[in-house]
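Subject: Structure for you to look at

Hello,

Here is the structure I promised to pass on. Please open it first, then read my notes beside it.

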Amino acid sequence: MDDADPRPDRLLLLRLRRSDRPAAQGDRPVALTVYAALIGLGYPLGSLFSVFCAERFERRTLLVAATLAVAGSGVAFGLTASPLLAIAFGLASSTAGIMQSNFTHIYQTELFHTARRSIAIGLPYAASRLVATVLPFCALTVLSAVGAGPLYAGSAALLVAMAAAVRILGPRTNNRRGAVVRQ
């Protein structure tokens, strides 16, 4: 599309090429908002997929798989130069991220006795929110020091380590009584 396009809806169309026009003219902010909206579809999709998976598969395995999917799609998202691939990997990352969160909450409730559950789940959750607040500032420092590749590789390595810890240390919970799981 060029500037002579008479259609009034031209700014609403998804423009997958880089715009040479300044942001003040609206193209890049509109395109970026469309990208964000498409990637945001992963949130309801992830929750929907979680519903269909949670009782069919071992929850520990689902948690590990979702964590590895976040790592892989996150690296791909961060390193791609294609807007279309960025949307696809961003959608995959947000979908897997919500699934990871859902499976974590389900798995945690099966691991802890009711009397200790609120502390055992609440404290790590509160710490994760604190880390989520501080992490962008740390990530910007790392990004400016070493670049995007090492930043995304480091993030993926942490997620892989988490997945390995859950796989190695976490008990199976499906089709087992709570008292057996917690021993």
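**Salt bridges**

R59 and E55 form a salt bridge, and their closest N and O atoms are 3.4 Å apart. Keep in mind that this is a predicted model.

Look at how the two partners sit. R59 has a relative accessibility of 6%. That value is under 20%, so R59 counts as buried. E55 has a relative accessible area of 63%. That is over 50%, so E55 is exposed.

Which side chain meets R59 in a salt bridge at 2.7 Å, N to O? It is the side chain of E110. This pair links distant parts of the chain. R59 is in helix α3, E110 is in helix α4, and their positions lie 51 residues apart in the count. Are R59 and E110 buried or exposed? Both are buried.

Put these pairs together and you get a network: salt bridges link E55, R59 and E110.

How many salt bridges are there by this rule? The count is three. One of them joins the side chains of R172 and E58, at 3.9 Å from N to O. This pair, too, links distant parts of the chain. R172 is in the loop between α6 and α7 (178–181). E58 is in the loop between α2 and α3. The two are 114 residues apart. R172 is partly exposed, with a relative accessible area of 43%. E58 has a relative accessibility of 15%, so it counts as buried.

**The overall fold**

Now step back to the whole protein. It has seven helices and zero strands. Along the sequence the pattern reads α-α-α-α-α-α-α.

The protein has 183 residues, and buried residues make up 28% of them. About 11300 Å² is exposed, and carbon and sulfur atoms supply 69% of that area.

Next, the contacts. Take those with a separation of 6 or more. Residues 24 or more positions apart account for 69% of them.

**The nonpolar core**

In soluble globular proteins, nonpolar side chains tend to be buried together. Here is what to look for in this model.

How many residues does the largest nonpolar core have? It has eleven: C53, A54, L62, L63, V64, A66, M99, F103, Y107, A163 and V166. Three helices each supply at least two residues of this core: α3 (59–79), α4 (83–111) and α6 (148–169). α3 gives the most, with four residues.

Try V166 as a starting point. Leave out residues up to four places away in sequence, and V166 touches R60, L63, V64 and Y107. L63, V64 and Y107 are also on the list of core residues.

**A nonpolar patch on the surface**

Some nonpolar residues are on the surface instead. L41, L45, L48, F49, V51 and F52 form a patch there. Together they have about 550 Å² of accessible area.

Pick out F52 in this patch. It lies in helix α2 (residues 42–53). Is F52 buried, partly exposed or exposed? Its relative accessible area is 47%, so F52 is partly exposed.

I suggest starting with the salt-bridge network of E55, R59 and E110. Then go to the core around V166. Finish at the surface patch that includes F52.

Best wishes

How values were computed: Residues numbered from 1 in each chain as written. Predicted model: local features only at pLDDT ≥ 70, side-chain atom pairs only at ≥ 80, totals over all residues. Heavy atoms only, no water. Patch = residues over 30% accessible without salt bridge, like charges linked within 9 Å, V, L, I, M, F, W, Y side chains within 5 Å. Areas by Shrake-Rupley, 256 points an atom, 1.4 Å probe, with all protein chains shown as cover. Salt bridge = Lys/Arg side-chain N within 4 Å of Asp/Glu carboxyl O. Buried < 20%, exposed > 50% of the residue type's maximum accessible area, 1.4 Å probe, protein only. Core = buried A, V, L, I, M, F, W, Y, C linked by side-chain atoms within 4.5 Å. Contact = heavy atoms within 4.5 Å.
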